[in-house]
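Got the viewer open? Let's take a walk through this one together, one selection at a time.

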Amino acid sequence: MQIGVIGTGHVGLVTCVSLAHLGHDVCGTDSDADKIAQLQDGMSPFFEPDLEGMLQEGLSCGRLHFVSHPAEAIREADVVFISVGTPPRASGDANLVAVEAAGRTVARHATGRCLVVEKSTVPTGTAHRLRRALRRERPDLALELEVASNPEFLSEGNAIKNALEPDRILVGAESEWAHQVMRSVYAPIIASGCEIVETDIATAELAKHASNAFLALRISFVNALARLCERTGADVLAVSDVMGKDPRIGRHFLSAGLGYGGSCFPKDLIALKRISSQLGYEFPFLAEVARVNDETIEAALEKIRDALWNMEGKRIALLGLSFKPGTDDVRFAPALSLARRLLEEGAQVVGYDPMGMANARQDVPEIETASDSYDAAEGAHCVVLCTEWDEFLNLDLEKLGRLMAHPIMIDGRNVFDSDAMRAAGFAYYAAGRPPITEEDASARSQP
Ligand code: NAD
């Protein structure tokens, strides 16, 4: 099939390379001309495992193209995916200006029957608006331009695997023709056994928001539980493990720590709350989910204050700056929210991340950056583990502690073993687990 993709960011580019890999002729376009030039040269503008290799494979076999003029991506296309950003407005509503602009662009350049697919995450009801925009732009093609919803469930850091081996493919459409087109797009994946869930459009749009909001809710639930554990002496890791053994619950997204971030969960949760209230239903606990998530940063700050007393003049090392491991994406990263708060309180912040350093520097230029974890720890009064990259799990803790002004670790992801921290001489504060204070650490190191 001939496929156009508007917006070649984290979702659009993965869509381009995976659909080309499946055998389609794919043409991606983006309003950012520099991004298109980079892609034409086979370079990915962001880090995602295996992405650049597949990009180069698609370009060299001739099935994948990138153009800065959208007409070339749309003119011949059977299907056009809209995968532009839908960032939050100050109100929390999803900003759909780019979705409307992309839709109008498709209508302007379409030459015949074409399925316009919402890949971006949008509030329920958006397809109706999009259809109206298409028709206003091209009344002559009113019956030829059909809208469908195909929300993306990929997770950054695993995006290629998620795109080629998804848990499910969700398509919302209004005609058998549209469903048939989408079955053809994903035919090889469906043939390999993946379920395609076919619904009406409003259901598909809502299911995406509901999935992200529910995952955020699980994280906030366990973080609220962590606050309670800290007051009772219980261990939230053990509580989560016990809960997770119940197959009705499962262990995923029950890890206490610095909370969720990234470009999806925070905005999608609030966008769902906003669309719900605009439709006359105050979805009761979504605002609490966001509030508990904000509290996780405050809880970490309290632990740092407890360990260091005054912040002014203290050097604090953050390990991990991206919003999760496996990506250089720092949008709404908890590490950066924490860094801003620490800087406000007068601390000196030094950060290290295997991939996200350049993006972090752009967002928070006041962060000093280090060449590795040990470099970050040098002279630090405290280290905060913010993102659980694998390389942090294999640190030489004794070496890390020796380099620091004081061996104090705040574990924002609950990944270290308390006994190992104690053996390495660290004062250790995790989320929802009994702390090892400086006094405990030194008492235990006495013969
Ligand atoms: P992104 O910011 O990485 O990419 C968006 C791209 O769209 C950018 O390259 C931008 O230049 C381009 N763009 C904006 N307006 C345009 C226009 N009018 N015409 C052409 N190009 C335009 O965003 P993303 O992370 O890929 O997210 C895109 C959508 O997918 C969002 O709705 C997001 O919620 C959703 N989503 C994201 C993820 C994720 O993990 N990042 C996962 C699932 C769904």
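Start by selecting Leu318 and showing everything around it. Leaving out residues up to four places away in sequence, Leu318 touches Ala335, Leu338, Ala339, Leu342, Val349, Val350, Gly351, Tyr352, Val384 and Cys386. Keep in mind as you look around that this is a predicted model.

Now widen the selection. Leu318 belongs to the largest nonpolar core, which has 58 residues. Which of its members touch the most others? Colour Ile304, Ile316, Leu318, Leu338, Leu342, Val384 and Met409, and you have them. Next, pick out helix α13, residues 286-308: with six residues, this helix gives the most to the core. Apart from that core lies another one, made of 37 residues. To find it, try selecting Val5, Val17, Val117 and Ala159, which are among its members.

Next stop: the ligand. Show what surrounds it and you should get 25 residues, the closest being Asp30, Lys35, Thr86, Glu156 and Lys267. Three polar contacts are worth drawing as dashed lines:

- From an oxygen atom of the ligand to a polar backbone atom of Val11, 2.8 Å.
- From a nitrogen atom of the ligand to an N or O atom in the side chain of Glu156, 2.7 Å.
- From an oxygen atom of the ligand to a polar side-chain atom of Arg331, 3.0 Å.

Stay here and click on Asp30, one of the closest residues to the ligand. Asp30 sits in the loop between β2 (25-29) and α2 (33-40). Is there a salt bridge to find, or none? None: Asp30 is buried without one, and the nearest side chain of opposite charge, Lys35, is 4.5 Å away. A salt bridge needs the nitrogen and the carboxyl oxygen within 4 Å. So what does the side chain of Asp30 reach? Look for the backbone nitrogen of Thr8 at 2.7 Å, and then for the backbone nitrogen of Asp32 at 2.9 Å. Setting aside neighbours within four places in sequence, Asp30 is in contact with Gly7, Thr8, Gly9, Lys35, Ile36, Val67 and Ser68.

On to the charged pairs. Side chains of opposite charge can pair when their charged atoms come close. How many salt bridges does the structure hold? There are 28. Select Glu137 and Arg104 to see one of them, with the closest N and O atoms 3.5 Å apart. This pair links distant parts of the chain, 33 residues apart: Glu137 is in helix α6 (residues 126-137) and Arg104 is in helix α5 (residues 97-109). Glu137 counts as partly exposed because its relative accessibility is 25%, and Arg104 is also partly exposed, at 34%.

Then try Lys161 and Glu165, whose closest N and O atoms are 3.0 Å apart in their salt bridge. Is Glu165 buried or exposed? At 51% relative accessibility, Glu165 counts as exposed. For another pair, select Arg183 and Glu176, which meet at 2.9 Å, N to O. Arg183 is partly exposed, at 24%. Finish this part with a group: Glu298, Arg305, Arg341, Glu344 and Glu345 are joined into one network by salt bridges that share partners.

Last stop: Ala420, in helix α19 (residues 418-423). Ala420 counts as partly exposed because its relative accessibility is 32%. Draw a distance from its C-alpha to that of Ser120: the two residues are 44 Å apart in space and 300 residues apart in sequence.

Notes: Residues numbered from 1 in each chain as written. Predicted model: local features only at pLDDT ≥ 70, side-chain atom pairs only at ≥ 80, totals over all residues. Heavy atoms only, no water. Core = buried A, V, L, I, M, F, W, Y, C linked by side-chain atoms within 4.5 Å. Buried < 20%, exposed > 50% of the residue type's maximum accessible area, 1.4 Å probe, protein only. Helix = DSSP H or I, 4+ residues; strand = E, 2+ residues; numbered from the N terminus. Contact = heavy atoms within 4.5 Å. Lys, Arg positive; Asp, Glu negative; His and termini not counted. Polar contact = N/O pair within 3.5 Å; in protein donor to acceptor, adjacent residues only side chain to side chain. Near = heavy atom within 4 Å.
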